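Me: I have a structure open and would like to go through it piece by piece. Can you help me read it?

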Amino acid sequence: MSGQATGAPVATPPGGPARPGPLPRLLRERVFRRYWSAQTVSYFGDEISTLALPLLAVLVFEATPAEMGYLTAAALAPNMLFPLLAGAWVDRYPHKRRLMILTDLGRALLLTAVPVAYVLDLLTMPQLYLVAFAVGTLAVIFEVARGPLFVSVVGRADYVEANTLINGSRAMSLVAGPSVGGVLVQVLTAPIALIADALSYVVSAYFLVRIRPTEPAPARGGGLALGAGLGFIARTPMMRALLLGTTTVNLFNFMLIALFVLYATQELGLAPGLLGAVLGASAVGGLIGAALTGRLVRRFGVGPTLLAGFVLFPAPMLLVPLAGGPTPLVVGMLFTAEFLSAVGVMLLDITVGSVQTALTPEALLARVAGARRTVNYGIRPIGALLGGALGSTLGVRPALWIATAGALAGVLWVAFSPVRRLRGLPEQAD
């Protein structure tokens with residue numbers, strides 16, 4: 001059963017009281033600052049490898065489209081295969097921080113092996129597939145362990161502010177990460193650039209080593225209880241509504257993503273440079289959305305801000321199938337769509353993450369995270385395939401209308417749930 005909506009009380013942060021200063025209050029707390037630093041560096045590492053590995057395949061091996069598809073699939077497959085198992089195991093393992101450190105170091109070793117094999121003239125495409133799959137698997141473990149550690153370093157009253165800072169880092173990594181990765185590849189070559197990526201994971205591990213929070217006790221009971229996370233979500237009205245809503249948005253959003261580049265270049269006639277500028281608007285919008293979310297929550301409450309995110313994320317994308325006319329008008333419409341949608345996704349991610357963390361008992365945090373990741377990431381390739389099928393049968397523009405309208409329907413799951421009445425964070429569910 002869900003807890004009732006209440007305003008979160010003011011709590012003394014785990015890192016001790018913060019000293020006055022120009023930084024946000026949480027970043028003046030040593031423990032959270034190191035935790036946030038680890039997350040930030042890890043996000044930048046993710047963005048560098050997301051660009052550097054495919055560029056390596058293209059520049060070194062002249063990879064075919066099929067081989068690029070295999071490489072992408074190898075990186076994404078762990079998100080469909082392992083979150084439930086990883087969540088069940090992590091909840092029963094007493095040292096979540098240690099797992100995060102080990103996964104950081106493991107990713108560093110895997111990425112370092114690529115330039116070493118390249119220098120020794122031993123690198124092959126199958127090795128890149130294996131590295132992408134292994135790095136993706138370790139990323140799954142890192143992410144499901146992050147939730148239990150989060151509640152160890154952040155007081156309940158600070159969930160929204162902490163998620164705002166972390167998602168702000170994620171948005172910043174989307175702005176700067178690919179640019180840094182591109183420069184590194186150009187200056188150092190793609191294989192050697194992966195060493196810088198590996199170093200980012202070492203730095204992340206260093207910051208995690210420097211904190212010693214009191215972690216949640218491991219879950220008790222026999223077996224892994226793989227269904228416990230899904231069971232908790234299914235019987236908790238707020239969790240159920242949030243998962244159904246975000247899954248609906250993801251399904252239709254990835255229909256749009258699958259068709260967007262084709263539509264923008266072939267039907268709207270945008271040059272690659274203009275398309276890059278349009279996509280860059282999302283990164284800027286994400287930064288602004290992260291900065292606004294805390295203020296909106298304080299002014300209007302968690303529930304209304306969350307509902308606004310469910311609308312503001314997909315609604316601006318209606319401008320995509322509407323786009324037409326002179327090139328400046330088309331660019332303006334797409335730029336506006338990407339910018340406002342990115343603001344909305346930050347409102348959504350920060351508030352949904354905070355509510356889900358507040359509702360979930362500590363003993364279930366990793367299993368619930370694994371269940372959510374399985375569903376939300378599992379629906380994405382289905383959405384992409386559905387978008388391709390509808391684009392082929394109905395045409396690209398009609399398929400985009402279906403995608404944008406369908407994504408807006410995600411708010412209906414939440415609008416008629418207890419979530420809409422939340423002013424502060426809910427009490428932990430039974």
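**Overall make-up**

Reply: The chain has 16 helices and zero strands. Helices (H or I, at least four residues) and strands (E, at least two) are DSSP runs, numbered from the N terminus. This is a predicted model, where local features need pLDDT of at least 70, side-chain atom pairs count only at pLDDT 80 or more, and totals for chains, interfaces and linings use all residues. Residues are numbered from 1 along each chain as its sequence is written, and side-chain values use heavy atoms, with hydrogens and water left out.

Me: What radius of gyration does the chain have?

Reply: The chain has 21 Å, which agrees with the value near 22 Å for a compact globule of 430 residues. The radius is taken over C-alpha atoms, and the globule rule is 2.2 Å times the number of residues to the power 0.38. Along the principal axes, the C-alpha atoms fill a box of roughly 55 × 50 × 50 Å.

Me: How much of the chain is buried?

Reply: Buried residues are 52% of the 430. Buried means under 20% relative accessible area, exposed over 50%, and partly exposed in between (1.4 Å probe, protein chains only).

Me: Ok, helices. How many residues does α13 have, and how far does it reach?

Reply: Helix α13 covers residues 327-359, which is 33 residues, and reaches 47 Å from its first C-alpha to its last. That is close to the expected 48 Å, the expected span being 1.5 Å times one less than the number of residues.

Me: Why is α13 called largely enclosed?

Reply: Because 24 of its 33 residues are buried, α13 is largely enclosed by the rest of the structure.

Me: And T327, what does it touch?

Reply: T327 is in helix α13 and is partly exposed at 39% relative accessibility. Leaving aside neighbours within four places in sequence, T327 is in contact with L270 and L274. Contact means heavy atoms within 4.5 Å.

Me: Switching to α10. Is T293 buried or exposed?

Reply: T293, in helix α10, is buried, with a relative accessible area of 0%. Not counting residues up to four places away in sequence, T293 touches T164, M346, L347, I350 and T351.

Me: What about R299, buried or exposed?

Reply: R299 is also placed in helix α10, residues 272-300, but R299 is exposed, at 62%. Its C-alpha atom is 9.5 Å from that of R423, 124 residues apart along the chain.

Me: Where is D121?

Reply: D121 is in the loop between α4 (96-119) and α5 (125-153). D121 is exposed, with a relative accessible area of 68%, and its phi is near 60°, a positive value in a residue other than glycine.

Me: Last topic, empty space. How many cavities of 30 Å³ or more are there?

Reply: There is one, and the largest cavity has a volume of about 60 Å³. On a 1 Å grid over the protein atoms alone, a cavity is a set of points where a 1.4 Å probe fits but cannot get out, and lining residues have an atom within 4 Å of a point. Grid points are joined across faces, edges and corners, and the volume is the space filled by probe spheres set on the points.

Me: Which helix gives the most to the lining of the largest cavity?

Reply: α9 gives the most, with four residues. The lining residues include V249, F313, S341 and A403. By class, the lining has eight nonpolar, three polar and no charged residues. Ala, Val, Leu, Ile, Met, Phe, Trp, Tyr, Cys and Pro count as nonpolar, Asp, Glu, Lys and Arg as charged, and the others, Gly among them, as polar.

How values were computed: 1 Å grid on protein atoms, 1.4 Å probe; cavity = no way out; pocket = protein on both sides within 12 Å on 5 of 7 lines; lining within 4 Å.
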